[in-house]
Protein chains: 4
Amino acid sequence: MVKVGIIGATGYAGNELVRLLMGHKEARIVWYGSRSYIDKRYADVYRNMFQIVDDVCKDDRMEELARTADVIFTATPQGFLAGVLTEEILRQTRIIDLSADYRIKDVSIYEAWYQIEHKSPQFIGEAVYGLCEINRDRVKGARLIANPGCYTTCSILTAYPLVKEGLIDTDTLIIDAKSGTSGAGRGAKLPNLFCEVNENMKAYGVASHRHTPEIEEQLSYAAKAAVTVNFTPHLVPMNRGILVTEYASLKRKADGSLPSYEEIKSIYDKYYENEKFVRVLERGLCPETKWVEGSNYVDIGFTVDERTGRVIMMGALDNLVKGAAGQAVQNMNLLFGFEESEGLELVPMFP
Amino acid sequence: MVKVGIIGATGYAGNELVRLLMGHKEARIVWYGSRSYIDKRYADVYRNMFQIVDDVCKDDRMEELARTADVIFTATPQGFLAGVLTEEILRQTRIIDLSADYRIKDVSIYEAWYQIEHKSPQFIGEAVYGLCEINRDRVKGARLIANPGCYTTCSILTAYPLVKEGLIDTDTLIIDAKSGTSGAGRGAKLPNLFCEVNENMKAYGVASHRHTPEIEEQLSYAAKAAVTVNFTPHLVPMNRGILVTEYASLKRKADGSLPSYEEIKSIYDKYYENEKFVRVLERGLCPETKWVEGSNYVDIGFTVDERTGRVIMMGALDNLVKGAAGQAVQNMNLLFGFEESEGLELVPMFP
Amino acid sequence: MVKVGIIGATGYAGNELVRLLMGHKEARIVWYGSRSYIDKRYADVYRNMFQIVDDVCKDDRMEELARTADVIFTATPQGFLAGVLTEEILRQTRIIDLSADYRIKDVSIYEAWYQIEHKSPQFIGEAVYGLCEINRDRVKGARLIANPGCYTTCSILTAYPLVKEGLIDTDTLIIDAKSGTSGAGRGAKLPNLFCEVNENMKAYGVASHRHTPEIEEQLSYAAKAAVTVNFTPHLVPMNRGILVTEYASLKRKADGSLPSYEEIKSIYDKYYENEKFVRVLERGLCPETKWVEGSNYVDIGFTVDERTGRVIMMGALDNLVKGAAGQAVQNMNLLFGFEESEGLELVPMFP
Amino acid sequence: MVKVGIIGATGYAGNELVRLLMGHKEARIVWYGSRSYIDKRYADVYRNMFQIVDDVCKDDRMEELARTADVIFTATPQGFLAGVLTEEILRQTRIIDLSADYRIKDVSIYEAWYQIEHKSPQFIGEAVYGLCEINRDRVKGARLIANPGCYTTCSILTAYPLVKEGLIDTDTLIIDAKSGTSGAGRGAKLPNLFCEVNENMKAYGVASHRHTPEIEEQLSYAAKAAVTVNFTPHLVPMNRGILVTEYASLKRKADGSLPSYEEIKSIYDKYYENEKFVRVLERGLCPETKWVEGSNYVDIGFTVDERTGRVIMMGALDNLVKGAAGQAVQNMNLLFGFEESEGLELVPMFP
């Protein structure tokens, strides 16, 4: 039984980790870390956990926790983990970081987009970007996993096969993303009030959202060339779910024709046919966030537009599961050699 | 492994049965019955089930199904089961009926409220009302279970201990209930359109809703006297969840005083302390539907109003789980001697 | 042209006042008071007002404002107006107070329910409770109007004719109320976040909500006897709208029979037939909040339950219009002798 | 007083026409046409109109109506008007068609995208595309106005100045649009049920939506060259509102630099500074649908992305007002020489 510690257990992602780990056969939570609610019963912060979790919240004492837990999930604000991480800690435990601290290899890019000084760049090198479907093998031996962002997971997985196989002109790639509101966190801020979000829609962080460089870095690895994209997130009045719509010009074949639907489909299948958590939809279907809600699935669909020569790729996931806690558990399963889907056999809930 | 057949598998309750049974260790679905979608893949009707369910929908052939399945769930319109049920069928299989056909013992009351002729009243007598927490023992040996309605389960469980122990004057009992929209089913009707329901609220079926006599019958058993109530359902713009707010005058004690909070709490605890799926909240807390969403829990809270001498009782559940499919699985577990919570260890999903 | 000042212009009710007054032929806003946003452009706080309102927000200087404005609307927290009001101010201007400071005649009741000391009880006596349909004549000459609460307006108007005419036993009156979230205000508080409210429902303030004594006082005047009620508010995931469902036992006639539907309807018509803003629905119809959204209407319906001897009365209004700003403008119209519906000819918006 | 007839008065756009025309000083509705509800009171179909509209619905008798009404609004399914329109009708009245029948000049394109035979192509030539801000002068003398689609109005107005002035490479234009659900109409269809739409998001009509050729035609006029775009609509769980996010590569100047924010802003101002209903937001602001809800405004914002050389343009409107009924009334005002904003001085409602 793996002993799990969570720092940031009272955010929405933290609560989702708790929900998933309650159903995990090989893991037991030993530390509910939450600086805001120290000594308060966890079930008083999240009353869905009444009679399920009896523990009280504890402080963020990483060093003590490192001696106690086999793995620590940090669902914390940017900069927290970078500020406290030490070699001593990494020698004693494994860390799956849900923040962005170790996702970006070039520390100057991190510091430019996040407007924050990175306090422990020495660990960036060894951190493995935990997008399981792509980095599965490297995750297995890691001490430090950088769990991908929610928008990022969806954006990358949706385009990855076509980028990797060189089917699209990556200079033309545009990602228009839409997210439910749980991605904004549980902070009591005016723009997240019900009456401000409900019956409303807007773009935000246009040309400046922090997930942009993370997407670009990973797609650049796939393309083996620098990829620059437009990424535009939107806030939508629903709790959970991310939908991305991605546009790119298809490279024409030698005879000037576009790749066919079947050719593109076979590329997707090449990468995802055996991936339990990536479902490539059948022809003509567009993903819907509701079809994956509460589950670890990513649903992907695409359409070829002969008129414009573009492919429109679409992906949907639950931002708190595959976009955060579910992927973190998937990484834990890889780290400890469990069945990769252990604790993640969640059937999407409809409606 | 118990072989399960579902008639009405493509309604919302049917889909929820499928979701729950996918996670049940002892059961396997062998028949997805849906007259509207015969020969269509189930996952084409409910795309959340893509790559999870490969079966196609079948017709409602109860007699064939009775020979195939160990248990049949009927999530069908009123009158369907009563129209097809035979002794032959009951000899071969067990039936858990999610419709109202066998919930009411007095057939004339059924016919008056449902405006439908009952075609097989001969089976009403043996049918067991499957409110597990109250009728657990009788469920175990039954051939035919009348699974309670969603409003009913919530309304009864919330008031049951105080009615049973005679703490309230049942003549004063008023039940004001609010429900998410999935309770209205998946029929394509104008009043259930998004734009008609969203940002709207209304009462309906005032003084005439069909769940009224079912609530009255069960509470009458508890009170050992005829109970007549006002039951008013309301439609609320959300997918899942029922909340009931019940009002009743407390009987004063010999000295003229009201029962104290502690006295009432101890009565609730007497009935529910050992019930896994009923959570009596701590003092001052009111149930919220979100805390039980996706789970089989009923959350109950209450307040004593010294000014009016009334107790206000509140209960919340997920209408598709404890209010329908979850309770049906719980009944199946009792029928077959499985762990009562098998397949139902669902942690509520928040947000 | 009447010069209007608003204190608390940046709350939701304040913004609704601005919306309504923009369409009022006889009024012009001269002061957008908002302590939190002093010197900030109003349209930067409420961007719906871009290119419509060019003013900047000002401080709460009541004395200066009293010299400037013909009427002041105070949409402020409890206790604010009571803390600053003086005879000097009342000599110079008229005040329509959207807070509760002068709604309750018995200061000890105010202080008990609001847990706040009343700083200027000397003005309570002259304040007129601005429920226009009931107190129209007294409003006309007043210096200080106590604009009713949102729940209160709906609760009182729904029951008023039957209480006034003695048709119901007021000891049995129970008010179950449901409200959209704008009633909770624009404060950045965790329970009002989108993800906490959406897909959720709960009761709150059970047996302790501050609108209770206000309802009781007004219904007591109607009944000419003390009325004590249960009032239970609920929070519903929608922006606007209040729905009340009220239960009371009908008094039987000398022959033991209940009053008929027609008899009750004629009582409602007696009071409301000529009231523009109260619409008594036709037989069998239940009010829906969407039918009044954005307008100053209250819709009322009722059902007689022969089985229980009770009448179920239902009322719906838009909490920001008839429940706040609309009624305030209606009071202003009465005060200044304008057409009572001036600025309030708002057709409900659907959907 | 202009006499107005409406065919299709019981759709959502029809109901919005009624709402707006109730507040119009110069117009009076004389015909509520609705084939589905003939002889039924209009207020029984839309209860928000109770005590506001007393009329009953009539049949679609265009010829009789042409003799009665000064102007007819047709809010009807595709093909209806083309099937009944005659020279005789056009001699007697004016028509503002909210369907797509006369929006597209090339009848073969209409027939290809709508999959319907056009029954009266002889009138296409004279029909004026009623996008008021662009075609104001031509609208004034017309007999037949083709009122633009909701997505179309928003998509065109957002990009128009930059296309017209040649600032962007139109080959790169991509329009990602999101719409509330009222755009799907009031038909009782399964995909529009509350539980299917709520907490869900999806793209639809990818590379095939019928508003595409309409956008392309109008932008081609502006560009004086053929424009082909990707247009992808999405369904969002809210009642009203369209948001478009448009991407295009900016043409570089002779020195290789991009046009500055100020240069682009001045282009927008050139076209829209004096347009009452188009609000170009200040730097850094993104439009939100809630800021225009219930009003005739289009809000527009944009961001220049130096990294990719693209401009991201965003536009928001209320699909039932500026996207349908409001624009139709604006066209009527132009036709009859009324103040262009008569009946449209609607302050957006928030929240």
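Let me begin with the relation between two of the chains: chain D is superposed on chain C by a rotation of 180 degrees with 0.0 Å of shift along its axis, at an RMSD of 0.0 Å, where copies are superposed by least squares on the C-alpha atoms of residues with pLDDT of at least 70 in both. That is the relation of a two-fold axis. In chain D, the C-alpha that lies nearest this axis belongs to D:Glu199, at 4.4 Å from it. Both copies use the same surface, since 100% of the contact residues of chain D recur in chain C; by contact I mean that the C-beta atoms of two residues, placed from the backbone, lie within 7 Å.

Before going on, I should say that this is a predicted model, in which local features need pLDDT of at least 70 and side-chain atom pairs count only at pLDDT 80 or more, while totals for chains, interfaces and linings use all residues. Residues are numbered from 1 along each chain as its sequence is written, and chains are lettered from A, with ligands numbered from 1, in the order in which they are written.

Turning to the interface itself, 23 residues of chain D are in contact with 23 residues of chain C. On the chain D side, the largest share, four residues, is contributed by helix H1 (residues 12–22) of chain D; helices here are DSSP runs of H or I with at least four residues, strands are runs of E with at least two, and both are numbered from the N terminus. That side of chain D divides into 11 nonpolar, seven polar and five charged residues, where Ala, Val, Leu, Ile, Met, Phe, Trp, Tyr, Cys and Pro count as nonpolar, Asp, Glu, Lys and Arg as charged, and the others, Gly among them, as polar.

The next interface joins chain A and chain D, with 38 residues of chain A in contact with 38 residues of chain D. The elements that give two or more residues to the chain A side include strand S7 (174–179), helix H9 (194–197), strand S10 (242–249) and strand S13 (310–317) of chain A. By class, this side of chain A has 17 nonpolar, 11 polar and 10 charged residues. Here too a turn of 180 degrees with a shift of 0.0 Å along the axis lays chain A on chain D, with an RMSD of 0.0 Å, and 100% of the contact residues of chain A recur in chain D.

Which elements cover the buried residues of helix H1 of chain B? They include strand S1 (2–7), strand S2 (27–33), strand S3 (71–74) and helix H12 (321–336) of chain B, together with helix H9 (194–197) of chain D. In this helix of chain B, residues 12–22, 10 of the 11 residues are buried, among them B:Tyr12, B:Glu16 and B:Arg19. A residue is called buried if 20 or more other C-beta atoms lie within 10 Å of its own, exposed if 12 or fewer, and partly exposed in between, with C-beta atoms placed from the backbone.

Chain D also holds an open sheet of seven strands in the order S8-S9-S7-S10-S13-S12-S11, with mixed pairing; two strands pair if DSSP finds at least two bridges between them. Strand S8 (202–203) and strand S11 (278–280) of chain D stand at the edges with a single partner strand each, so one side of each has no neighbour in the sheet. Strand S8 of chain D pairs with strand S9 (residues 230–235) of chain D in the antiparallel sense over two bridges, and D:Leu235 in S9 is the bridge partner of D:Lys202.

Now to chain A as a whole, whose secondary structure comes to 12 helices and 13 strands. Its radius of gyration is 20 Å, close to the 20 Å that the globule rule gives for 351 residues, so chain A is as compact as a globular protein of that length; the radius is taken over C-alpha atoms, and the rule is 2.2 Å times the number of residues to the power 0.38. Buried residues make up 61% of the 351 residues in chain A.

The domain assignment, which is automatic or from a database, gives chain A domain 1 (2–126) and domain 2 (151–318). Their C-alpha centres lie 27 Å apart, and the contact takes nine residues from domain 1 and seven residues from domain 2.

Finally, A:Lys140 is placed in helix H7 (residues 132–140) of chain A and is partly exposed, with 13 other C-beta atoms within 10 Å.
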